[in-house]
Amino acid sequence: MNKIKISIILLLAITILVLIGYHYSINKRQKLSNINNNQPIYQSQKTVTTVYHLDGKIHYKLIAKNVQNYAYDYIDNNSNSYVHNATINVTSQPVTWFSQPIMTLFNENAVGSWIIKSDKAKLTNNKMLYLYGHVEVSSSILNSQIKKIKTNNAQINLINQDISSNNQVTLYGINFFTNSMKIHGNLYSQVAELVGKVKTYYEIQK
């Protein structure tokens, strides 16, 4: 008799587990269906975002025309564009998209050191900033060796200020500018490595 009761209990437990799994799969499909509709979790216009370090010093300020936060990142496998409604990377972290962003990076003395502009930008939770379209990174420091960097797509690590781009890039310095196919550098140390078809043009001072 005890064996029969145990068998019935086990059967009920298995049935409950199957129903829970089925319910979970239905909810997951519904969530993915909502994501497929490309609906942001929240969105706002004319937003100013200010982020501070743990010691209270300002890290960066970001002004944007439009801001949209998504639960999952979207990957366009067919191009390098910033279109959201492509392939959903369900294992990725939430991301925030900015339209016409203007970011000011501050140094350790809380002084604005770099101004970053682009058509679109994507910010991930691990503090990676991806820039798309008419990217312009300008120095606000008077004695900076690097005055401006212009390219079409770039990414910046906001923690260590590493910058890289695999697109054609133009770097402007003091009395010169350089064209190349790629760039790897660091905004904090003002060091940049240009790669591929590097051509430098100097301005002769009269």
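This passage describes strand pairing, the nonpolar core and selected residues in a predicted model of the protein.

Confidence in the prediction varies along the chain. The mean pLDDT of the protein is 80, and 73% of the residues reach a score of at least 70. Over residues 76-91, by contrast, pLDDT remains under 50, although the model places 33 contacts beyond four places in sequence for this stretch. Where pLDDT is low, the predicted coordinates should not be read in detail, and the description below therefore does not interpret individual contacts of that kind.

Strand E11, which spans residues 162-165, pairs with two other strands of the model, E10 and E14. Its pairing with strand E10 (residues 146-157) is antiparallel and rests on 2 bridges, and within this pairing Ile-156 has Ile-163 of E11 as its bridge partner. The two strands E10 and E11 form a hairpin in which 4 residues lie between them, and in this turn Gln-161 adopts a positive phi of about 65 degrees. Strand E11 is also joined to strand E14 (residues 182-186) by 4 bridges, again with the strands running antiparallel.

Ser-165 belongs to strand E11 and stands opposite Ile-183 in E14. With a relative accessibility of 4%, below the 20% limit for a buried residue, Ser-165 is counted as buried. Beyond its neighbours up to four places away in sequence, Ser-165 touches Thr-151, Asn-153 and Ala-154, and it also touches Met-181, Lys-182 and Ile-183. A polar contact is made as well, in which the side chain of Ser-165 reaches the backbone nitrogen of Asn-167 at 3.2 Å.

The largest nonpolar core comprises 25 residues, of which Met-103, Leu-105, Val-137, Ile-149, Ile-156, Leu-158 and Leu-187 touch the most other members. At least two residues of this core come from each of strands E2 (58-70), E6 (102-106), E7 (112-117), E8 (120-124), E9 (128-139), E10 and E12 (169-173). In soluble globular proteins, nonpolar side chains tend to be buried together. The surroundings of Val-137 can be listed in more detail: apart from neighbours within four places in sequence, Val-137 is in contact with Trp-114, Ile-115 and Ile-116, with Lys-147, Lys-148 and Ile-149, and with Ile-156, Ile-163 and Leu-187. The contacts of Val-137 thus include both Ile-156 and Ile-163, the residues that are bridge partners between E10 and E11.

Positive phi values also occur in loops. Gln-100, which is not a glycine, has a positive phi of about 50 degrees and is located in the loop between strand E5 (95-99) and E6; its relative accessibility of 47% places Gln-100 among partly exposed residues. Lys-127, likewise a residue other than glycine, has a positive phi near 65 degrees and lies in the loop between E8 and E9. Lys-127 is partly exposed because its relative accessible area is 34%, a value between the limits of 20% and 50%.

Phe-176 is part of strand E13 (residues 176-180) and, with a relative accessible area of 25%, is classed as partly exposed. Although Phe-176 and Glu-203 are 27 residues apart in sequence, their C-alpha atoms lie 5.6 Å apart in space. When residues up to four places away in sequence are left aside, Phe-176 touches Leu-171, Thr-200, Tyr-201 and Tyr-202.

Notes. Residues are numbered from 1 along each chain as its sequence is written. Side-chain values use heavy atoms; hydrogens and water are left out. Buried means under 20% relative accessible area, exposed over 50%, partly exposed in between (1.4 Å probe, protein chains only). A polar contact is a pair of N or O atoms within 3.5 Å; within protein, one must be able to donate a hydrogen and the other to accept it, and residues adjacent in sequence count only if both atoms are side-chain atoms. Contact means heavy atoms within 4.5 Å. Two strands pair if DSSP finds at least two bridges between them. A nonpolar core is a set of buried Ala, Val, Leu, Ile, Met, Phe, Trp, Tyr and Cys residues joined through side-chain atoms within 4.5 Å. pLDDT is the predictor's confidence in each residue, from 0 to 100.
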